[in-house]
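I opened my notebook to look through this structure one item at a time. The entries follow in the order in which I looked things up.

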Amino acid sequence: MEPPAPPSLPARPLSKAPPPRQASFSVSDQVAAPALPPKPSIRRRPQPPHDPASFTSPGPTLDLESDAGRGPYALQNHPTGTGPSATDGVFPDYSRSNRRLPLFSDVIGIHDIQQKSHGVRAFSISNEQVATATSNIRIYSVLTGENISSYGHEKDTKPTALMFTQSRRPDSLGQYLWAGWSEGSLQVIDTKTREVVEKKRAAHKGGCITQIIRCKTQVWTVDDTGSVFVWQEDTMLGRPTIQAPLQSLTIPPKQVCAIAVQDMLWSSDGVRIHVMRVGPDAGRPRMAPISMDVPYGIGPLTCMATIAGSGQVFSGHEDGKVIIWSIESREKVRIINVHAYRIMSLLGVGSYLWAGFATGKIYVLDLRPEVPVVMKDWQAHKESGVAILQLDEEGLILGSRHQVGSCAENGEIKIWDGLMAKDRQSKRMVDRSKEYCQWRDLKVLICSWNIDASKPAAQDVNGGADRRLFESWLTGMDQEGPPDIISVGFQEIVDLESKKMTAKSLLKGSKRAETETISKQYKRWQIYLTNKIRELYSPMGVNFKLLECSNLVGLFSCVFVRDQEWNNIRSEWTHVDMVKTGLKGYHGNKGGIATRFIIDDTSISFVNCHLAAGQSHTRQRNTDAANVLKKLTHPNPAISSETVHPEVFWFGDGTMAMDHEICFLSGDLNYRIDVKFSDAVARVQAQDWAYLHQHDQLLLQKLKNPQFVLRAFNESELLFAPTYKYDPGTDTYDTSSKHRTPAWCDRILWRGRHVRQLFYKRNECRVSDHRPISGGFVVGVKRIDEAQRRVVEQQVKEGWHKVQEKEIRIKKLAWLRSWGWIDTRVEGILDREGGDLAHVVRILSADQ
């Protein structure tokens, strides 16, 4: 019997505008880059799909195919040249990012390394060892986190550069550590015998060694005076040695970073990039050293990286930008506005670029699509920047782990899974969810209103006209049939401008009167809403129960669930949290309330917000939104096969609002329209929404601000008049001396998979200076068949095991070829010997 397909949604266009080009979010690593939505236009922003069977699916575009087995890595339709391009300043797509830590799922004993001393100048990782350079050299065990050996040097000298170097002999991989010192000496440490087996005093005369770089069979060392030495392999030892340099080069002094790119050295002093070919020319035309300037207006360069097969170099900058450079033409390709914070480290891992920030966060970026995609972002280190990112070159060959190490400024080191196995397996489980899930539709009605401290009785004035309008607000989904869930969010349920509610009385006065006032007001509304919903829906044969009702001074949230869905709510996971942002977090006149629950096996979060007011306070609103979504927390669910599966909380672990499969954010967000009052009123009368969109602060922040947290949310097009600010009881915009410009302060945003919006509209209740808004949605919820899920999960694990074996084989072949074994028989011998490198090397060496 065929497994049930995902639910079919009724099609209902939101406007007369044609639907945008559909995005394809199912990505295979073997095919071309995914088709992504076009960069949003201010005049016409992306709409939910009109296809009845389609859902938006903003999960990470990870697949189980091998990174190395992909087609050519190339940015599409990107002009080259030094001048500005059409793609300069592009912002990545954050909507599919998740914050799950890329930990190893099948390895026990990977330990963080905590160092007492700060100021780590360098660190390197190889298989089960991590080496750090502080006041001396320390080597730690990845499996225990313990310091297993230490090495000093001459008095008043410090280690300044480290690198585990390569070896032709498989049994020596990860055994030898090169160390550079502040006075220019070089050492080679045998980590098995824990002895210094080579030492060259003043290898760099008078220069502090700042970089040790691996390049095929060579090692390059760089000092702060600009001297570069190339060290080659000793054929008897089967590894590079420091006996005599093959080549000596000179680059400008005080380079902040340097990397090997093919047979070239790319380095930078922060303002210019210098490129020089290193080593024998191998018959190629000699390339004269060249320099490229960092484009005007871009922050100083801090780090560089490359991705194998990309043909590109990536530079990170203090202003959070990444510049892509062509290796062949050595010209700028384009600029990516990744974040507003300083990028401290970059690393190419597979086909992705890892970026470490001064905030302690790590982003994983896919820069291949026209609109780059942030695959993951997580807090790797708390209160300390990600100073260094290092890839374990031998990990997959020796231990079947593709390890990425991150070192914070405070010396903390953490080890991450470079293959992101958990994400890739979870993505495959989600892709195959129709094989073990039964899908169905739920209708959700979201109602939001800043009621300006009005009481329920205020609805009965004007001959009951406002009461009837209020009732239509709560039943706005009638044409689609009664909703299954109703979320009602009020803002300003009490008078926040009353003298009794001033900062002085809140901070110094008695809170008893305040609490009683608020308590009476929200109880009135709770009773009124409960009775009104019962009164409105009972004639339809539909009954609702109140799932949660919470208040935070001015904020008030109620979530009602239809009777027939009540038993489908997993009550043990229902939780409410609140966060204050008013008066710098001391008071709840501004803030947010999050109501989280799981229905069937789908997690849903409703966030009711009231952000900072004021025409010019956009930055404070951004901060409030970030604090609300960051500080709203829920109990950490134990993710296991007996409780909640990972695909229930797709974007994280369920502790934050945005972790949930579906997240709705609504309320008085207070974003304004930056035009004059008279102009705005005239445009409203002409229904020139497109003009007003161009000046809407929220839309502009989504387009121009890479760190804007609400960029991850969707919003349907605003095709109704601004909801603020009216003279209460009238249809007239503000006639006071302040003449506040009309604005769409009240909004409904959403994020998640399997969501389609049916309508987005305002209602005409006049008792407040705001108009209420409502949004109707159809969401797909799933119920997991545990037995069938176990079957699919086992198949996915077996498939992942094959992918991992393929990755290991690719790494072993690359290692063999780096040592000159490029015979066409190499692949066949490797497969015949079952991947045993030691046997393969013996066979190949005997044939030479």
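**Whole chain**

I began with burial: of the 848 residues in the protein chain, 59% are buried. I noted that the model is a predicted one. I then looked up the secondary structure and found 12 helices and 38 strands in the protein chain. For the accessible surface of the protein chain I wrote down about 34,000 Å², with 50% of that belonging to carbon and sulfur atoms. I also checked contacts with a separation of 6 or more, and 65% of these join residues 24 or more positions apart.

**Nonpolar cores**

I went on to the largest nonpolar core, which has 39 residues. The residues with the most contacts inside this core are Val444, Phe597, Phe606, Phe664, Leu692, Phe777 and Val779. Strand β38, residues 773–784, gives the core its largest share, four residues.

I picked Phe664 and left aside its neighbours within four places in sequence. Its contacts then include Val444, Phe606, Phe777 and Val779. Ile446, Ile604, Ser605, Val607, Leu749 and Trp750 are also in contact with Phe664.

I found a second, separate core of 31 residues, and among them are Trp449, Ile493, Tyr528 and Leu529.

**Gln247**

Last, I looked up Gln247, which lies in strand β12, residues 239–250. Is Gln247 buried or exposed? Its relative accessible area is 16%, and buried means under 20%, so I entered Gln247 as buried. Apart from neighbours within four places in sequence, Gln247 is in contact with Val228, Phe229, Val230, Val278 and Gly279.

Key: Residues are numbered from 1 along each chain as its sequence is written. This is a predicted model: local features need pLDDT of at least 70, side-chain atom pairs count only at pLDDT 80 or more; totals for chains, interfaces and linings use all residues. Side-chain values use heavy atoms; hydrogens and water are left out. Helices (H or I, at least four residues) and strands (E, at least two) are DSSP runs, numbered from the N terminus. Buried means under 20% relative accessible area, exposed over 50%, partly exposed in between (1.4 Å probe, protein chains only). Contact means heavy atoms within 4.5 Å. A nonpolar core is a set of buried Ala, Val, Leu, Ile, Met, Phe, Trp, Tyr and Cys residues joined through side-chain atoms within 4.5 Å. Accessible areas come from the Shrake-Rupley method with a 1.4 Å probe; for residues, only the protein chains shown count as cover.
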